[in-house]
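Visitor: I should like to understand how the descriptive terms for this model are justified. Please set each value against its definition.

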Amino acid sequence: FQVKCIQLLEEGVMTGHLILLKDITDLKEKERELISKSVAIREVHHRVKNNLQTVASLLRLQMRRGLPNGSEKYFQESLNRILSIASVYEVILDESSTDTVNIDKLIKKIGNMVVYNESSNKTLHITYQTDEHINLVSNIAVSVALIANELITNCLTHAFNNQTEGIISVVLAYDTESDTVKLEVQDTGEEESAFQPSFGLKIVTTIAENDLEGTFNIDRNSIGTIGKVEFQHKGVD
């Protein structure tokens, strides 16, 4: 019970007390159920993260033991995709959240990982201009994570073939007027003007249009190549 005591005054003199009792059993039961549900959801996230990291470890082990000629690139791309999804659950657990993901932290985690895993001798840098207050539910965050991974990987694969160094710039912004989230990945590459279809860009297009109900465009500009994904700010906590 919740107990509240109110003094009764008459002409400034206390004449008694009014005791109010409120049964809050149902409220406490709902609180306990909510806590149990939150704990269960976090446990699921923890197990998903561990399982994905196990798969990643198996891929790394296979890569160390040797791969057929020409297949290393595809194993590394698959490894990056798995780690990008795992990053969603790592951010959830790091932030002590139930099911929302700080996209700023997620994008930086993925970008740094992909650039670090680049095995070439090129000098590559990645910069970020991101909104720190964009939070999305986990299923939307997984889609954003895969898109970010593919766009950054596309820069590393195609943009700097004839260069010894380059810069990748990532912009993440929320437009309050249109209620949309915008992700842009710009490189300083000197690649050819005609884009070649790739599996990675196909993934971006499919996820952007089908999962996020948004748009994806890639084009050349005065700096290099820029990929843009835009979608409604749905699923926000």
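Visitor: Why is D179 called partly exposed?

Guide: D179 has a relative accessibility of 31%. Buried means under 20% relative accessible area, exposed means over 50%, and partly exposed lies in between, with a 1.4 Å probe and protein chains only. D179 therefore counts as partly exposed. D179 is located in the loop between β6 (165-175) and β7 (180-187), helices (H or I, at least four residues) and strands (E, at least two) being DSSP runs numbered from the N terminus.

Visitor: What rules govern these values?

Guide: The model is predicted, so local features need pLDDT of at least 70 and side-chain atom pairs count only at pLDDT 80 or more, whereas totals for chains, interfaces and linings use all residues. Residues are numbered from 1 along each chain as its sequence is written, and side-chain values use heavy atoms, with hydrogens and water left out.

Visitor: What makes the phi of D179 worth mentioning?

Guide: Most residues other than glycine have a negative phi. D179 is not a glycine, yet its phi is positive, near 55°. E213 also is not a glycine and has a positive phi, of about 55°.

Visitor: How do you know that E213 is exposed, and where is E213 found?

Guide: The relative accessibility of E213 is 61%, so E213 counts as exposed. E213 is found in the loop between α5 (199-211) and β8 (215-220).

Visitor: Is L151 buried or exposed, and what does L151 touch?

Guide: L151, in helix α4 (residues 138-159), has 4% relative accessibility and therefore counts as buried. Leaving aside residues up to four places away in sequence, L151 touches V185, L201, V204, F216, G227 and V229, where contact means heavy atoms within 4.5 Å. Across the chain, buried residues make up 39% of the 237 residues.

Visitor: Why is α1 called roughly antiparallel to α2?

Guide: The axes of helix α1 (residues 25-65) and helix α2 (residues 72-94) cross at roughly 155° and come within 9 Å. That makes α1 roughly antiparallel to α2: angles under 35 degrees count as roughly parallel, over 145 as roughly antiparallel, 65 to 115 as roughly perpendicular and the rest as oblique. Axes are lines fitted to C-alpha atoms, for helices over the stretch in contact, and angles run from 0 to 180 degrees between N-to-C directions.

Visitor: What is the handedness of the crossing of α2 and α3?

Guide: α2 and helix α3 (residues 103-117) pack at about 150° with their axes 9 Å apart, and α2 is therefore roughly antiparallel to α3. Their crossing is right-handed, whereas α1 passes α2 in a left-handed crossing. A crossing is left-handed if the near helix is turned anticlockwise from the far one by less than a right angle, and right-handed if clockwise.

Visitor: Which residues of α2 and α3 meet?

Guide: Among them are L83, V88 and V91 in α2, and L106, I110 and V114 in α3.

Visitor: How does the radius of gyration of the chain compare with that of a compact globule?

Guide: The chain has 25 Å, against near 18 Å for a compact globule of 237 residues. The radius is taken over C-alpha atoms, and the globule rule is 2.2 Å times the number of residues to the power 0.38. The C-alpha trace spans about 90 × 45 × 30 Å along its principal axes.
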